[in-house]
Amino acid sequence: MDWFEGSIMARRGVAAGEARARHTITEAQQGPYRYVYGPFVEPVLRIAPGDVVEVETLDAFGGAVKTEADLPSKVLKMPFVNPQNGPIAVEGAEPGDTLAVRILSIDPRGPQPAGTTALLPEFGGLVATAQTAMLNAPLPEAVKKMEVTREGGVKFSDRVTLPYEPFIGTLGVSPAMEAVSSLQPDYWGGNMDMPDVAPGAVVYFPVLHADAYLYLGDCHGTQGDGELCGVAVEMNSTTVIQVDLIKGWSIPGVRLENERFIMSIGSARPMEDAARMAYRDLIRWMVDDYGYDETEAYFLCTQAGRVRVGNMVDPKYSLGASMLKTYLA
């Protein structure tokens, strides 16, 4: 049995099946890429629940870092980084509903070498930043280019080839009235950099604005937990998603489900607050949908819960608290 038949989506009345329609958003169709999540622009596309959308995303640098000689401070125009496709308007979505985004595939796009990582001044997990101001001199800038293919993986160096483990770094919906940087994660999603937002997963977002206004971009070929230097294997992509709507299911933040586990994602600083947010929502999800008593769910998370660090570099850190479905049956 396809696990989607037993998913939260299906249990709440949404069957994952054939698309009602298939759409594309190419670079030309997107027009200007967006650097802000918000409700104050016209959607680039309108879809019905169940539709499939194929999207041509740009890397986090908007393609400006073409070679290892292109230092970010010279070729980027801050803060215009992390370009997003969208917004995509979803018919019938209204506050109090939940948007379900099923990730079908992510493929690298464009000429090789397709992947880029870099050291940016005062950005990263082990350097002084604007939020952790210190007198240390910034590390020297550096750019590393890598070949990325589905078949051959990520050629990190002559010594190391990493598996191709693609995911969407920045995915979310518009806040109700705010316009927020695409570098920021929060309850609407955004720049969570969570490696589990990958093909085979369904990501759930609270609908905060009429038509939801879905944004996505910043796809990665692979990434370690925490996105330590602040830049994963950034790449242009062709990403395919199916977008569904769960009417009347109100959730406080981002949730994720795949074949193996459910996950709640919290974004905050300090990091322990992000973990608290994620675990609290996971426990409440276990109570609401899996019949657990709150105390028993708290005990079980203490013994069997797992935490994934998405990023420890953005304005807010993102952590995912998960529980294996083996213990939820």
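Glu227 is buried (under 20% relative accessible area with a 1.4 Å probe, protein chains only; exposed is over 50%, partly exposed in between), yet Glu227 has no salt bridge. A salt bridge here is a side-chain nitrogen of Lys or Arg within 4 Å of a carboxyl oxygen of Asp or Glu. The nearest side chain of opposite charge is Arg269, 11 Å away; Lys and Arg count as positive, Asp and Glu as negative, and His and the chain ends are left out of the count.

This is a predicted model, where local features need pLDDT of at least 70, side-chain atom pairs count only at pLDDT 80 or more, and totals for chains, interfaces and linings use all residues. Residues are numbered from 1 along each chain as its sequence is written, and side-chain values use heavy atoms, without hydrogens and water.

**Around Glu227**
- Glu227 sits in the loop between strand E16 (214-220) and strand E17 (237-246); strands (E, at least two residues) and helices (H or I, at least four) are DSSP runs numbered from the N terminus.
- Beyond its neighbours within four places in sequence, Glu227 has contacts (heavy atoms within 4.5 Å) that include Asp193, His220 and Asn311.

**Salt bridges**
- The whole structure holds 15 salt bridges.
- Arg308 pairs with Asp225, with the closest N and O atoms 2.6 Å apart.
- Arg308 lies in strand E20 (residues 306-311) and Asp225 in the loop between E16 and E17, so this pair ties together parts 83 residues apart in sequence.
- Glu257 and Lys325 meet in a salt bridge at 2.8 Å, N to O, and both Glu257 and Lys325 are buried.
- Glu27, Glu56 and Arg109 are linked in a salt-bridge network.
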